[in-house]
Amino acid sequence: MDKFFIEGGTKLNGDVVIPTAKNALLPILACSIMCDGVVEIEKCTTYTDVEYMIKILEELGAECEIIDDTLIINSSLADKYAIPEEYTKRIRSSIFMLGPLVSRFGRAKVAYPGGCNIGARPIDLHIKGLESLGVKIVERHGYIYCNADNLSAGQVHLDFPSVGATENIMMAAVLAKGTTTIYNAAKEPEIEDLQNFINAMGGKVSGAGTSTIVIEGVSRLHSVKYKPISDRIIAGTYLISCAAAGGKVTLLDTNHSFNTALISKLRQSGCKIKLNNDKITIEVGCRLRSISKIETLPYPGFPTDLQSQMLTLQTLCRGNSMIIENLFETRFKIYTELKKMGADILVKDRMAIVSGVKRLFGASVTAPDLRSGAGLVIAGICAEGYTTINDVYHIDRGYLHIENDLNNLGARITRVKE
Ligand code: UD1
């Protein structure tokens, strides 16, 4: 298990290119099993979660090859519909395979998913949604068995706008006869990207990005070449990194409209931010002001995936901040690690109260999950002295060599292989 060794106290300056989004790639890869021809994914970033999804496709019989940075998937010979636990325990997004598998094979057998340890993460909305399309589901011995002999279009009302459930149901409906409507759908940009991908293969989906998505069933999906959207969480992480460390950073190949909630909070704190087509420039020259209240919400609200990084920033701002986590019940695990570095944070249930301190100090800390790990990297860059971050594998799930990007901006992070 790799570690990061960080020498703190550097400002960040320069340009950084934002890669394609993990959370767009994962459902797109799952969906590719439904394609009759060849899917080519351009600029496919091989985060470890993406590598696991590729392994799942191969386990199902698809042929996958990466040439330069294009992933080529030929699912025409895929002939299996079971995903064993050794894959699903590593990646929660394996649950996305239910929709594509029932669509392609009329059957699915998927072991219960794993993924980041950030709360209970039930899958009831996925199950209820698929049942609304006529899928018969039984759960036995840790496996979910689906039979879709009677797969048909339907009306699905989600009790909560779950990202994964919206995507799963969309994919299940693409090849089902008739018109399916999903009400109270999640509105994340990655869902619109999945719609665009499906439509580029000949599907008929509309409304993604709003709370009502309409899917008209088609009989087949054809070959496609597609470039997914850029990663708004990595973009946000680098903006917060510069906000915390100071300096001037320009993000390239990004879409600022995906990060309006964060940009508005950073501007309120005192950051200078310029938006320009696919670029964002942030400049920070002094200690920032705390944001009195930050509350995570489904898109376009403040993203839960940037909460740990923002919590880290608040530990260094002038004033007090209250952070409320509405999406995942145990997503404040970073706070015990930040306290080792001198942060002043109180956590009660889903609320954290942060009193800004003038500086953090290097310590040996452990990444409890993916985004908390990114928050600790930011803390390490800003801290006085040396920080060691253990369990870096969490961070690698959603950042491809975060240390290279940040070192190019002036950070001093060394990966120690164990
Ligand atoms: C996706 C993202 C993840 C992000 C999250 C919220 C991917 C691969 N992952 O995860 O990075 O943190 O959206 O923006 O895109 N819920 C239920 N029942 C269900 C499904 C969800 O109660 O069947 C609840 C969850 O426990 C959670 C909330 O809904 O409280 C949001 O979860 P969801 O939107 O489904 O997140 P994911 O799709 O797992």
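This is a short dialogue on reading the domain interface, a helix and a loop residue in a predicted model.

User: Let's start with the domains. Which residues go to domain 1 and domain 2?

Analyst: The domain assignment puts 3–19 + 230–416 in domain 1 and 22–226 in domain 2. Their C-alpha centres lie 30 Å apart.

User: And how do I read the area buried between domain 1 and domain 2?

Analyst: People often give the size of an interface as the accessible area lost when the parts come together. Here, about 1,900 Å² is buried between domain 1 and domain 2, with carbon and sulfur atoms giving 54% of that. On the domain 1 side, Tyr299, Arg397 and Leu400 lose the most area to domain 2, together 32% of what that side buries.

User: How many salt bridges are there between domain 1 and domain 2?

Analyst: The count is two. There are also six residue pairs in polar contact across this interface. Helix 8 (232–245) and helix 12 (370–382) are the elements giving two or more residues to the side of domain 1 that touches domain 2. By class, that side has 10 nonpolar, two polar and 10 charged residues.

User: Now helix 1: is it largely enclosed or open?

Analyst: In an α-helix, residues three or four places apart point the same way, because there are 3.6 residues a turn. In helix 1 (residues 22–31), nine of the 10 residues are buried, so the rest of the structure largely encloses it. Lys22 is one of those buried residues, as are Leu25 and Cys31.

User: Last one: is Thr304 buried or exposed?

Analyst: Buried, because its relative accessible area is 10%, under the 20% cut-off. Thr304 sits in the loop between strand 18 (293–295) and helix 10 (307–315). Beyond its neighbours within four places in sequence, Thr304 is in contact with Thr296, Glu325, Leu327, Phe328 and Arg331.

Note on methods:
Residues are numbered from 1 along each chain as its sequence is written. This is a predicted model: local features need pLDDT of at least 70, side-chain atom pairs count only at pLDDT 80 or more; totals for chains, interfaces and linings use all residues. Side-chain values use heavy atoms; hydrogens and water are left out. Buried means under 20% relative accessible area, exposed over 50%, partly exposed in between (1.4 Å probe, protein chains only). Helices (H or I, at least four residues) and strands (E, at least two) are DSSP runs, numbered from the N terminus. Contact means heavy atoms within 4.5 Å. Domain bounds come from an automatic or database domain assignment. Buried area is the accessible area (1.4 Å probe) that two parts lose on being put together, summed over both. A salt bridge is a side-chain nitrogen of Lys or Arg within 4 Å of a carboxyl oxygen of Asp or Glu. A polar contact is a pair of N or O atoms within 3.5 Å; within protein, one must be able to donate a hydrogen and the other to accept it, and residues adjacent in sequence count only if both atoms are side-chain atoms. Ala, Val, Leu, Ile, Met, Phe, Trp, Tyr, Cys and Pro count as nonpolar, Asp, Glu, Lys and Arg as charged, and the others, Gly among them, as polar.
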